[in-house]
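Subject: Structure for you to look at

Hi,

Here is the structure I promised to pass on. Have a look at it first, and then read my notes below.

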Amino acid sequence: MSLKNNTHTNILPLWLLIIYPMLIALDIYTTYLATPNLSFENNWFILKLNMGWTSIITCSALGAAVTIFLGTKDNTFFKENSTSLFHQKKKLQFILYGLLIWWFWGHLIYTCYVIFNNYLSYLYLHPDKLMVVSTLATRYVNYYQKYPFHHTVVFCCAILAAGFITYSLILDKNRQQSS
């Protein structure tokens with residue numbers, strides 16, 4: 001059966017909902033590698049709440065569990081509402097589920113960036129014998145120390161990309177359900 005003709009295709013694929021907590025765990029691990037005592041931590045939320053490792057792991061696990069639960073609810077909502085999504089009576093629900101998809105994709109994209117960032121920071125702090133990798137890590141860390149707002153720019157780009165992905169997924173789902 002073709003994916004385009006399958007109206008029961010999940011808007012958030014199950015494999016992605018399974019990989020998501022693994023990426024969060026990898027984010028925590030690379031954060032630990034880069035800053036075991038959290039002295040170089042840049043996450044505004046963690047800094048404002050003065051979180052330690054126990055709090056970080058607990059909040060991340062709860063956040064991943066809630067996201068997976070809501071992601072499955074998202075899939076159920078879009079499967080059960082097979083009429084045109086833009087002309088239905090459940091517009092508030094549609095908006096809320098759309099925002100959840102947007103948040104999911106934004107967080108997923110940004111988490112991938114953070115893993116990359118943490119790993120290069122770790123390589124910077126613990127130079128490798130491979131000169132190419134050490135040079136890349138050094139240049140990267142020097143760049144983000146010179147331009148501290150680049151994390152904000154990357155976050156905004158992740159949000160824009162997530163908006164595009166969400167819009168595309170919902171339009172594609174609407175087209176599948178219309179045909």
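Let's start with a term: a disulfide is a covalent bond between the sulfur atoms of two cysteines. In a model, a pair of cysteine sulfur atoms counts as a disulfide if they lie within 2.5 Å. Bear in mind that what you have here is a predicted model.

So how many disulfides does the structure hold? Zero. Take C157 as an example: the nearest cysteine sulfur belongs to C156 and is 7.1 Å away, so with a cut-off of 2.5 Å C157 is in no disulfide. As for surroundings, C157 has a relative accessibility of 46%, so it counts as partly exposed. C59 is partly exposed too, with a relative accessibility of 41%.

Now the overall picture. The protein has six helices and zero strands, which gives the pattern α-α-α-α-α-α when you read along the sequence. Of its 179 residues, 36% are buried. If you take the contacts with a separation of 6 or more, 70% of them are between residues 24 or more positions apart.

Next, try finding two of the helices that pack together. Two packed helices are described by the angle between their axes and the distance between the axes. For α4 (residues 91-125) and α5 (residues 131-146), the angle is about 110° and the axes are 8 Å apart. Are these two roughly parallel or roughly perpendicular to each other? Angles from 65 to 115 degrees count as roughly perpendicular, and α4 and α5 are therefore roughly perpendicular. Their crossing is left-handed. On the α4 side, the residues making the contact include Y113, F116 and L120, while α5 brings in V133, L136 and Y140, among others. Sorted by type, the residues of this contact come out as 11 nonpolar, four polar and no charged.

One last residue to click on is I11, in the segment before α1 (14-34). Is I11 buried or exposed? Its relative accessible area is 3%, so I11 is buried. What does I11 touch, once you leave aside its neighbours within four places in sequence? The answer is D74, N75, F78, I101, L169, I170 and K173. You can also look for F77: it sits 66 residues from I11 along the chain, and the C-alpha atoms of the two are separated by 9.7 Å.

Happy exploring!

Notes:
Residues numbered from 1 in each chain as written. Predicted model: local features only at pLDDT ≥ 70, side-chain atom pairs only at ≥ 80, totals over all residues. Heavy atoms only, no water. Axes fitted to C-alpha atoms, helices over the stretch in contact; angles between N-to-C directions. Helix = DSSP H or I, 4+ residues; strand = E, 2+ residues; numbered from the N terminus. Parallel < 35°, antiparallel > 145°, perpendicular 65-115°, else oblique. Left-handed = near helix turned anticlockwise from the far one by under 90°. Contact = heavy atoms within 4.5 Å. Nonpolar A, V, L, I, M, F, W, Y, C, P; charged D, E, K, R; others polar. Buried < 20%, exposed > 50% of the residue type's maximum accessible area, 1.4 Å probe, protein only.
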